[in-house]
Amino acid sequence: MNVRENFEIITKEIAETCKKVGRNADEVKLIAVTKYVTDARVEEAIEAGITDYAENRPQNYVERKGKYSNKTWHLIGSLQTRKVRDVINEVDYFHALDRDSLAKEIEKRADKEIKCFVQVNVSGEESKHGLTSEEAIDFIKSLEHYSKIKVVGLMTMAPFVEDEEILRNCFRRLRQLRDEVKGLNLAYAPCEFLSMGMSNDYKIAIEEGATHIRVGTALVGCELK
């Protein structure tokens with residue numbers, strides 16, 4: 001199927017899932033993850049009406065945003081400290097803030113306030129980046145004096161498994177953490193959003209409160225560049 005058809009299917013599924021759990025579909029932002037597709041596929045997505053896009057490598061992010069600067073771009077991959085200067089001032093949303101050294105470098109290099117999601121490794125998998133659930137709140141509290149960082153939400157990647165309860169528990173724990181942070185009423189960390197859910201699990205993520213879902217294969221495919 002083409003991107004437009006995929007977009008229509010996913011948009012319908014978002015609406016149906018939200019209705020099922022008493023949410024408004026407008027609360028869910030669909031982000032097209034374009035790291036494995038050609039520019040032609042991105043242009044097809046733009047023609048279909050998709051507004052938000054994501055890349056996980058700084059160089060690819062800068063190139064893509066330069067070509068399609070009238071869209072909202074999300075940097076979703078782990079960011080090396082030495083790469084911050086190359087990309088940070090082009091970032092609309094950064095989904096992988098996970099350590100103090102990175103926060104310090106963003107503070108040093110950014111010319112504007114950066115909207116960040118703190119990445120939490122809720123599943124505890126060694127292969128995944130992110131803070132532990134226990135570390136997350138103390139880390140966010142430590143960002144009080146970073147004037148260039150605004151914590152708009154939390155992000156996680158669930159295990160790639162078919163067990164729905166494992167996925168649901170992962171997303172539910174992130175939502176609970178988000179609620180704890182919101183309860184602190186920190187001006188620099190309103191923490192309203194939850195970036196969670198991908199092609200294989202976004203409906204479960206929405207049921208558990210996702211506000212931003214990162215969808216690649218199911219939306220734009222995985223045609224290698």
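**Exercise 1. The two faces of a helix**

Which exposed residues does the face of α3 turned away from its buried side carry? Work on the predicted model.

*Solution.*
- Step 1. Locate helix α3 at residues 58-67.
- Step 2. List its buried residues: P58, N60, Y61, R64 and K65.
- Step 3. Check their directions. They cover an arc of only 160° around the axis, so they lie on the same side of α3.
- Step 4. Recall the helix geometry. An α-helix has 3.6 residues a turn, so residues three or four places apart point the same way.
- Step 5. Turn to the face away from the buried side. There sit the exposed residues Q59, G66 and K67.
- Step 6. Name the packing partners. The buried residues of α3 pack against α2 (39-48), β2 (52-55), β3 (72-75) and α4 (84-87).

**Exercise 2. The core**

Find which residues of the largest nonpolar core touch the most other members.

*Solution.*
- Step 1. Take the core as a whole: 66 residues belong to it.
- Step 2. Pick out F94, L97 and I106, which touch the most other members.
- Step 3. Ask where the largest share comes from. Helix α7 (residues 164-183) supplies it, with six residues.
- Step 4. Follow F94. Leaving out residues up to four places away in sequence, F94 touches L75, G77, L79, L102, I106, I114, K115, C116 and F117.

**Exercise 3. Two pockets**

Describe the largest pocket and the second largest pocket by volume and lining.

*Solution.*
- Step 1. Start with the largest pocket. Its volume is about 510 Å³.
- Step 2. Look at its centre. Of 24 lining residues, V33, K35, I76, M157 and M198 are the closest to it.
- Step 3. Sort that lining by class: nine nonpolar, eleven polar and four charged residues.
- Step 4. Move to the second largest pocket, with about 260 Å³ of space. Of its 13 lining residues, I14, A25, V28, K29 and L30 are the closest to the centre.
- Step 5. Sort this lining too: seven nonpolar, three polar and three charged residues.
- Step 6. Trace the elements. α1 (3-20) and β1 (29-33) each supply at least two lining residues. α1 gives the most, with four.

**Exercise 4. A lysine in a loop**

Is K128 buried or exposed?

*Solution.*
- Step 1. Place K128 in the loop between β5 (114-119) and α6 (133-141).
- Step 2. Apply the cut-off: buried means under 20% relative accessible area.
- Step 3. Compare. K128 has 19% relative accessibility, so K128 counts as buried.
- Step 4. List its contacts. Beyond four places in sequence, K128 touches N121, S123, M157, A158 and P159.

How values were computed:
Residues are numbered from 1 along each chain as its sequence is written. This is a predicted model: local features need pLDDT of at least 70, side-chain atom pairs count only at pLDDT 80 or more; totals for chains, interfaces and linings use all residues. Side-chain values use heavy atoms; hydrogens and water are left out. Buried means under 20% relative accessible area, exposed over 50%, partly exposed in between (1.4 Å probe, protein chains only). The arc is that of the directions from the helix axis to the C-beta atoms. Contact means heavy atoms within 4.5 Å. A nonpolar core is a set of buried Ala, Val, Leu, Ile, Met, Phe, Trp, Tyr and Cys residues joined through side-chain atoms within 4.5 Å. On a 1 Å grid over the protein atoms alone, a cavity is a set of points where a 1.4 Å probe fits but cannot get out, and a pocket is an open set with protein on both sides within 12 Å along at least five of seven lines; lining residues have an atom within 4 Å of a point. Grid points are joined across faces, edges and corners, and a volume is the space filled by probe spheres set on the points. Ala, Val, Leu, Ile, Met, Phe, Trp, Tyr, Cys and Pro count as nonpolar, Asp, Glu, Lys and Arg as charged, and the others, Gly among them, as polar.
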